[in-house]
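Load the model in your viewer and keep the sequence panel open. The stops below are meant to be selected in order.

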Amino acid sequence: GEVELPEGSVGVSTPAAPPAAETVEDVHALLDWPGGTLVFRGTPLEAVAREVARHFGTPIEVRGASLEGMGISASFRDESFAEVMETLCAVTGARCEQDGASALMAEREGGAR
C-alpha cells in the first residue's frame with residue numbers, strides 16, 4: 001500500500017495493517033540523518049528553509065511570493081551553512097544576505113529569476 005506523509009508525520013507499517021501516517025510532536029527527534037545529509041525533492045522553499053535552519057541552528061527568512069512555493073530538488077552532504085545558502089540562492093535567483101546569526105532570501109526586484 002501507499003500513504004502520503006504530510007510534514008510533521010511519520011509512516012507506520014505492520015504486516016497486519018496498511019501503511020498509515022502518524023503525526024508526531026517532534027519528528028526530528030526520531031531521525032538520525034546519516035552524515036548530516038539533507039535531501040529535498042520538489043520541496044517548497046519555505047519547508048527547505050525551515051529544515052536547513054533547524055539542521056544548522058541558524059534562522060532563515062524567505063521573503064517574496066515567487067520564492068515561497070518554489071520547489072527545490074537538491075541534496076547536501078557535509079556542506080557548510082554558507083555553502084548550502086549559496087546554492088539555494090543561486091538556484092532560486094534570490095537576493096541573499098547572511099550575517100552569521102541569520103539569513104535572508106528575498107525576491108529580487110521584478111520577482112525571482
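The tour goes from the whole chain to one helix, its C-terminal end, and the loop before it.

**Whole chain.** Keep in mind that this is a predicted model. Colour by secondary structure: the protein has four helices and seven strands, and along the sequence they follow the pattern β-β-α-β-α-β-α-β-α-β-β. Switch to a surface. About 7200 Å² is exposed, with carbon and sulfur atoms supplying 50% of that area. Of the 113 residues, 31% are buried. Among contacts with a separation of 6 or more, 44% join residues 24 or more positions apart.

**Helix α4.** Select residues 81–92, which form α4. Place a distance between the C-alpha atoms at its two ends: they are 16 Å apart, in agreement with the 16 Å that twelve residues should span at 1.5 Å a residue.

**The buried side.** Within α4, show the side chains of Phe-81, Val-84, Met-85, Leu-88, Cys-89 and Thr-92, the buried residues of this helix. They lie on the same side of α4, because they cover an arc of only 130° around the axis. Next, display what they pack against: the helices α2 (45–56) and α3 (65–68), together with the strands β4 (60–63), β5 (71–76), β6 (95–98) and β7 (103–106).

**The opposite face.** Turn the helix around and select Glu-86 and Ala-90. These exposed residues sit on the face of α4 turned away from its buried side.

**Thr-92.** Which backbone atoms lie within reach of the side chain of Thr-92? A polar atom of that side chain is 2.8 Å from the backbone oxygen of Leu-88, and the side chain also reaches the backbone nitrogen of Ala-94 at 3.3 Å. Thr-92 has 0% relative accessibility and therefore counts as buried, the cut-off being under 20%.

**Gly-93.** Step on by one residue. Gly-93, just after α4, takes a positive phi of about 75°.

**Asp-78.** Finally, go back to the loop between β5 and α4 and select Asp-78. Is Asp-78 buried or exposed? Its relative accessibility is 62%, so Asp-78 counts as exposed; the cut-off for that class is over 50%. Check its backbone as well: Asp-78 has a positive phi of about 70° although it is not a glycine. Most residues other than glycine have a negative phi.

Key: Residues numbered from 1 in each chain as written. Predicted model: local features only at pLDDT ≥ 70, side-chain atom pairs only at ≥ 80, totals over all residues. Heavy atoms only, no water. Buried < 20%, exposed > 50% of the residue type's maximum accessible area, 1.4 Å probe, protein only. Polar contact = N/O pair within 3.5 Å; in protein donor to acceptor, adjacent residues only side chain to side chain. Expected span 1.5 Å × (residues − 1). Arc of directions from axis to C-beta. Contact = heavy atoms within 4.5 Å. Areas by Shrake-Rupley, 256 points an atom, 1.4 Å probe, with all protein chains shown as cover.
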